[in-house]
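Dear colleague,

I am handing over the structure we spoke about, and below it I set out what was found in it. Please read the notes with the coordinates open beside them.

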Amino acid sequence: MSQHERPGSARRDELLERAYRYALAHGLAELSLRPLAAAIGSSPRVLLFLFGSKDELIRALLGRARADELAALRRAREAGGADDFAAAVRTTWGWLVDPAHRPMLVLWVEAYGRSLSEPDGPWAGFARQTVEDWLGLLTEVDGGGDGGRDPALGLAVLRGALLDLLATGDAERTTAVVERYLRLIGAAAR
């Protein structure tokens with residue numbers, strides 16, 4: 001029985017939330033059911049019963065992470081204004097650069113990379129889904145794409161700066177890159 005066929009339960013939801021917190025702290029690369037179960041107050045047998053398999057548990061964790069990411073990005077974008085592309089990019093970057101969000105973003109990068117290197121595993125489609133998610137959010141505020149406000153370019157700048165930030169920790173330089181991009185599209189709009 002796959003995750004999609006399993007009925008939801010309060011216990012499953014509770015363990016998924018605990019497992020998500022564990023994954024944020026420890027990642028998914030070396031996820032093993034026994035240490036995970038011990039850390040979240042369960043057993044491997046219960047996890048297998050509730051999720052069906054380790055792969056289904058990983059899929060559920062990725063779904064949970066994706067929901068968190070989308071909600072956060074949507075809030076950041078809305079804080080910048082429903083129709084102001086530059087403000088949406090700036091507030092999204094502000095959220096991405098906040099150190100409090102680093103665990104979620106590292107998990108996102110891990111899942112994104114695994115989705116590319118193991119396209120048939122539990123990560124299947126994660127990278128494509130997140131590109132579509134982020135692009136969809138930026139398209140909602142693209143202002144018609146005029147003046148250089150291209151959602152795909154905005155996505156590329158945000159993602160490139162994010163990967164650089166996660167690799168180097170250099171928030172000042174990566175923020176300067178995003179701000180330079182925003183100045184360039186601002187000048188193009190005039």
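Contact, as the word is used here, means heavy atoms within 4.5 Å. In that sense Trp134 touches Glu69, Leu73, Leu96, Leu155, Arg159 and Leu162, once residues up to four places away in sequence are set aside. Please keep in mind throughout that this is a predicted model.

On confidence, the average pLDDT of the protein is 88, and 90% of the residues score at least 70. Residues 1-5 have a pLDDT below 50, and beyond near neighbours in sequence this stretch has seven contacts in the model.

As to the overall picture, the protein has nine helices and zero strands, so that the pattern read along the sequence is α-α-α-α-α-α-α-α-α. Its C-alpha atoms fill a box of roughly 60 × 35 × 30 Å along the principal axes. Of the 190 residues, 43% count as buried, and among the contacts with a separation of 6 or more, 64% are between residues 24 or more positions apart. The protein exposes about 9500 Å², of which carbon and sulfur atoms supply 55%. The 24 positive and 26 negative charges have mean positions that are 4 Å apart.

Turning to the interior, the largest nonpolar core holds 54 residues, and Trp93 and Leu96 touch the most other members. Helix α4 (residues 54-79) provides the largest share of this core, with ten residues. In soluble globular proteins, nonpolar side chains tend to be buried together. Trp93, leaving out residues up to four places away in sequence, touches Leu158, Ala161, Leu162, Leu165, Thr174, Thr175 and Val178.

Trp134, whose contacts opened these notes, is placed in helix α7 (residues 126-139). Trp134 counts as buried because its relative accessible area is 3%, where the cut-off for buried is under 20%. Its C-alpha atom is separated by 9.3 Å from that of Ala152, which is 18 residues apart from Trp134 along the chain.

Three residues of helix α6 may also be worth opening in your viewer.

- Met104 lies in helix α6 (residues 102-117) and, at 13% relative accessibility, counts as buried. Apart from neighbours within four places in sequence, Met104 is in contact with Tyr20, Leu24, Asp68, Glu69 and Trp95. Met104 and Ala176, which are 72 residues apart in sequence, have C-alpha atoms 23 Å apart in space.
- Val109 is also placed in helix α6, but its relative accessibility of 27% makes it partly exposed. With neighbours within four places in sequence left aside, Val109 is in contact with Leu163 and Leu166. From Val109 to Leu162 there are 53 residues in sequence and 9.6 Å in space, C-alpha to C-alpha.
- Ser115 is found in helix α6 as well, and with a relative accessibility of 7% Ser115 counts as buried. Outside the residues up to four places away in sequence, Ser115 touches Trp123, Ala124, Gly125, Phe126 and Ala127.

Taken together, Glu69 appears among the contacts of Met104 and also among those of Trp134, while Leu162 is listed for Trp93 and for Trp134.

With kind regards

Conventions. Residues are numbered from 1 along each chain as its sequence is written. This is a predicted model: local features need pLDDT of at least 70, side-chain atom pairs count only at pLDDT 80 or more; totals for chains, interfaces and linings use all residues. Side-chain values use heavy atoms; hydrogens and water are left out. Helices (H or I, at least four residues) and strands (E, at least two) are DSSP runs, numbered from the N terminus. Buried means under 20% relative accessible area, exposed over 50%, partly exposed in between (1.4 Å probe, protein chains only). Accessible areas come from the Shrake-Rupley method with a 1.4 Å probe; for residues, only the protein chains shown count as cover. Lys and Arg count as positive and Asp and Glu as negative; His and the chain ends are not counted. The place of a charge is taken as NZ of Lys, CZ of Arg, CG of Asp or CD of Glu. pLDDT is the predictor's confidence in each residue, from 0 to 100. A nonpolar core is a set of buried Ala, Val, Leu, Ile, Met, Phe, Trp, Tyr and Cys residues joined through side-chain atoms within 4.5 Å.
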